[in-house]
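This report looks at enclosed and open spaces in a protein model and at the way some of its helices pack together. The structure itself comes first, and the description follows.

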Amino acid sequence: MSQILQAVRGMNDILPDEASFWESFEEVIRAWLKGYGYRPIRLPVVEPTPLFKRAIGEVTDIVEKEMYSFIDSLNGDPLTLRPEGTAGCVRAVIEHNLIARQPQRLYYMGQMYRHERPQKGRYRQFHQVGVEALGFAGPDIDAEMILMGARLWGDLGLEDIELQLNSLGQAAERANHRAALITYFEEHADVLDDDAKRRLHTNPLRILDTKNPAMQALCGDAPRLIDYLGAESLAHFEGVQRVLRDAGIPFTINPRLVRGLDYYNLTVFEWVTRKLGAQGTVCAGGRYDGLVEQLGGKPAPACGFAMGVERLIALIKEAGGEPAVPAPDVYLVHQGEAASRLAFRVAEGLRDQGIDVLLHCGGGSFKSQMKKADGSGAGFAVIIGDDEAATGEVQLKTLREAGVEQRKLKVDDLATAIIGQIIDSDEEE
Ligand code: ATP
Ligand code: MG
């Protein structure tokens with residue numbers, strides 16, 4: 001017996017009902033981004049492995065243990081399935097000199113890949129909407145990005161998504177804090193888990209991001225980066241907060257918010273919900289002023305965020321959002337050779353008028369076709385038999401409204417009749 005093949009663990013098929021829901025979600029996203037002047041950029045799913053090592057950082061969860069990296073067996077190139085979008089976006093911006101003349105507001109959506117343990121809200125192939133603004137230095141763009149989030153939750157009908165905010169300052173400030181942090185953790189070496197011990201001298205800041213309950217108290221009392229920030233960094237942070245206060249957006253400053261990637265500085269933020277269990281971060285981002293230069297470009301400030309699509313969709317459903325199952329306007333029933341030929345012409349004619357038509361394919365009795373018409377969710381059945389074909393007429397039957405008689409119509413009058421009836425029933429509602 002031949003073996004049944006299955007999808008790779010942690011990589012999900014998104015079936016038609018679900019995918020329709022995703023499409024309506026994506027429409028909301030595109031309209032929202034357009035409202036803030038963001039333009040799309042489409043990037044490869046595969047990038048050279050060194051890009052991610054350099055951008056994300058060698059001592060991060062992603063690079064240490066989550067990347068799908070492989071050698072292209074045909075030419076020996078080291079490649080990686082993108083675990084996030086910022087690195088590729090910055091690579092493209094540098095490669096095509098996009099910010100030479102003016103700053104850019106860019107967005108993308110698509111698959112990301114991380115070799116994690118699959119669980120609710122955590123998959124090996126997942127989707128992000130990524131938003132990046134390159135060439136803007138001030139706190140205004142950081143604040144605008146946060147306002148964008150707040151508006152989107154409203155557009156999607158989501159409540160109780162809390163904003164957490166922190167500032168990671170600049171490299172020199174982090175270096176001073178880092179020294180204090182290492183001393184502190186060394187004094188409490190007995191409490192450190194293996195991950196923390198390994199990170200102590202490579203990336204101690206990331207220890208604060210631990211999910212290990214046994215280390216929470218220790219991390220809670222650790223020296224706070226915010227106490228090491230200089231006047232300029234504090235002013236930037238204050239600038240972000242001022243806009244948020246003006247806009248009435250509540251936030252919590254979380255001194256332990258450090259983000260899982262190395263490229264961040266100054267403002268970092270996360271939008272978090274309690275409704276999805278442990279996987280509660282639906283959107284995360286911040287400023288990454290050093291990345292463009294680090295990847296070989298002329299120094300340029302930048303800021304961005306990414307949203308987890310699976311988690312947002314789960315949240316929309318949790319809030320009672322119904323997947324919209326799209327139905328055709330018309331199901332076209334036909335039997336007999338002359339009728340079938342007319343059916344194709346009628347269907348194309350209706351589509352010319354903007355009417356969605358599901359043309360029955362595969363034959364069968366009128367009765368079985370009418371059953372399919374009912375099941376399709378269409379508002380109308382158009383019925384053509386050989387009698388109708390001979391006279392150039394068709395039957396129009398209303399499927400979702402009681403008390404409307406089946407009518408015989410000339411083919412040329414069909415579209416007008418259908419559109420008229422759709423408008424009438426819309427007005428009644
Ligand atoms: P986490 O702490 O949950 O691992 P992260 O810090 O690794 O998140 P980011 O790299 O900031 O996540 O990615 C941005 C968003 O993408 C996350 O807030 C989350 O919504 C989503 N995300 C990240 N990893 C996954 C995954 N494996 N499956 C589904 N969504 C994910
Ligand atoms: Mg992660």
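## Helix packing and internal space

Where helix 12 and helix 15 cross, the crossing is right-handed. The contact there is made by Leu342, Val346 and Leu350 from helix 12, together with Val411, Leu414, Ala415 and Ile418 from helix 15. Sorted by class, the contact of helix 12 with helix 15 has seven nonpolar residues, with no polar and no charged ones. All of this refers to a predicted model.

Two packed helices are described by the angle between their axes and the distance between the axes. The table gives these values for three pairs.

| Helix pair | Crossing angle | Axis distance |
|---|---|---|
| Helix 12 (residues 337-352) and helix 15 (residues 411-428) | roughly 40° | within 10 Å |
| Helix 2 (residues 49-56) and helix 4 (residues 86-95) | roughly 105° | within 9 Å |
| Helix 1 and helix 11 (residues 309-318) | about 100° | 11 Å |

With axes that cross at roughly 40°, helix 12 is therefore oblique to helix 15.

For helix 2 and helix 4, the axes cross at roughly 105°, and the two helices are therefore roughly perpendicular to each other. On the side of helix 2 the contact involves Leu51, Phe52 and Ala55, which meet Ala87, Gly88 and Arg91 in helix 4. By class, this contact of helix 2 with helix 4 has four nonpolar residues, one polar residue and one charged residue.

Helix 1 and helix 11 pack at an angle of about 100°, and helix 1 is therefore roughly perpendicular to helix 11. In this pair, Glu18, Phe21, Trp22 and Phe25 of helix 1 meet Val309, Glu310, Leu312, Ile313, Ile316 and Lys317 of helix 11. The residues of the contact of helix 1 with helix 11 divide into seven nonpolar and three charged, with no polar residue.

Turning from contacts to open space, the second largest pocket has a volume of about 440 Å³. It is lined by 21 residues, of which Glu26, Arg30, Arg42, Met109 and Gly110 are the closest to its centre. Helix 1 (16-34), strand 5 (104-113) and strand 6 (125-134) each supply at least two residues of this lining, and helix 1 gives the most, with six residues. Divided by class, the lining of the second largest pocket has 12 nonpolar, four polar and five charged residues.

As for enclosed space, the structure holds one cavity of 30 Å³ or more, and about 30 Å³ of space lies in the largest cavity. The lining of the largest cavity is formed by Leu43, Pro44, Glu47, Phe52, Arg82, Glu84, Gly85 and Gly88, and by class it has three nonpolar, two polar and three charged residues. Two of these names also occur in a helix contact described above: Phe52 and Gly88 line the largest cavity, while Phe52 in helix 2 and Gly88 in helix 4 take part in the contact between those helices. Helix 1 likewise appears twice in this account, as a partner that packs with helix 11 and as a contributor of six residues to the lining of the second largest pocket.

Methods
Residues are numbered from 1 along each chain as its sequence is written. Chains are lettered from A and ligands numbered from 1 in the order in which they are written. This is a predicted model: local features need pLDDT of at least 70, side-chain atom pairs count only at pLDDT 80 or more; totals for chains, interfaces and linings use all residues. Side-chain values use heavy atoms; hydrogens and water are left out. On a 1 Å grid over the protein atoms alone, a cavity is a set of points where a 1.4 Å probe fits but cannot get out, and a pocket is an open set with protein on both sides within 12 Å along at least five of seven lines; lining residues have an atom within 4 Å of a point. Grid points are joined across faces, edges and corners, and a volume is the space filled by probe spheres set on the points. Ala, Val, Leu, Ile, Met, Phe, Trp, Tyr, Cys and Pro count as nonpolar, Asp, Glu, Lys and Arg as charged, and the others, Gly among them, as polar. Helices (H or I, at least four residues) and strands (E, at least two) are DSSP runs, numbered from the N terminus. Axes are lines fitted to C-alpha atoms, for helices over the stretch in contact, and angles run from 0 to 180 degrees between N-to-C directions. Angles under 35 degrees count as roughly parallel, over 145 as roughly antiparallel, 65 to 115 as roughly perpendicular and the rest as oblique. Contact means heavy atoms within 4.5 Å. A crossing is left-handed if the near helix is turned anticlockwise from the far one by less than a right angle, and right-handed if clockwise.
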